[in-house]
Amino acid sequence: SVPTLWTVFVINFLALGLIWAYVMRCYPSFDAARYWTGSAFVAASGASMAMLRVVFPETLAPLLFAGTALVLAICLAAMGIRKFYGQPVSLRNALLLTGATFAGLSFFMFVYDSMPGRMTVFTLAQALPMLLSLKLLLRPHEGRINPGARLAGIVIVLIVSIYAVRLTSALTGFGGGFSYMHFSPVQSIAILVLVFLSMALNFGFLLMAMDRLRNEVADLALLDDLTGVAPPAGLATLPGVRIRRHLVQRLAEECARSERSSEPFSLLVIDLDGFKGINDTYGHAAGDACLQHFTLMAQTRLRPGDMLARTGGDEFCIVLPSSTLREGA
């Protein structure tokens, strides 16, 4: 029945909203979660407003506000995708599309009553933000496609396909046409599939978040932290400075490569003389600045593919692939 299906919609989006709210609270710097949280709760609100159509069958106003809210929810989801990839987001564009949807639906409800007209406006407004997000989701970033982004892209294609079939049914009457009050079996199945796909889409977003957080943890595990406290005080602010574990891994790779190709490589072992005196005389902050300055100067002399690693307090190693002893010196 219509009330049952709309209730499923409300419960589904409320559950997704609570999940994203928890993610947002646990990872406050993960800005995309804010948009995906808002998207889920706005969608739940829109589905709740649509249910009022059953209580007040004589007016189309609940469907007007419900349709507008669902379009806004999709816009927020698309903004979350852009935020995830560091792209600028435009609330103005989202509000313009939402406002245009409200105006179009109002025209085909109160000025010229037309179900096909309403369905055309609603479908185009829903599909546009999704289609614009596909390029970001399916384009490789840093040489790879995020698995969650691939899933989200596939789900978006399926959702837009269902929208297209639904619009065709509304325009042609094929399959019994379309009604918000008396769902046919085909419509009911389509709505349940859309509920499932909305869950799959948000699962794709969650996989995107997990992949991003996992990569951040991996980077932190490889970069040296000079003092174990705030990054500005140490080498964690300097890209390319690695810790001992990564150095051992890289040396093993270079040894294996050298054995296969009979090509030499060099290892520079560096100790900064008088470093303890700097710490004792001027304090550890000055010592940190000294190490930071050394790494900056060293990196300006290194080639792409060379690796600088910190192995102790004032001790460093530099791996020079494909370098003879003379070149290393």
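**Confidence, cores and a cavity in a predicted model**

The protein has a mean pLDDT (the predictor's confidence in each residue, from 0 to 100) of 86, and 89% of its residues reach 70 or more. This is a predicted model, in which local features need pLDDT of at least 70 and side-chain atom pairs count only at pLDDT 80 or more, while totals for chains, interfaces and linings use all residues. Residues are numbered from 1 along each chain as its sequence is written, and side-chain values use heavy atoms, without hydrogens and water.

Reader: Over which residues is the pLDDT below 50?

Author: Where pLDDT is low, the predicted coordinates should not be read in detail. The stretch in question has 27 contacts (heavy atoms within 4.5 Å) beyond near neighbours in sequence. It comprises residues 227-239.

Reader: Which helix gives the most residues to the largest nonpolar core?

Author: A nonpolar core is a set of buried (under 20% relative accessible area, 1.4 Å probe, protein chains only) Ala, Val, Leu, Ile, Met, Phe, Trp, Tyr and Cys residues joined through side-chain atoms within 4.5 Å. The largest has 33 residues, of which Trp6, Phe9, Phe13, Leu105, Met109 and Phe122 touch the most other members. Helices (DSSP runs of H or I, at least four residues, numbered from the N terminus) supplying at least two residues each include helix 1 (2-26) and helix 7 (185-222). With nine residues, the largest contribution comes from helix 3.

Reader: How many residues does the other core have?

Author: This core lies apart from the largest one. Phe30, Ala127, Met130 and Ile156 are among its members, and its size is 31 residues.

Key:
Buried means under 20% relative accessible area, exposed over 50%, partly exposed in between (1.4 Å probe, protein chains only).
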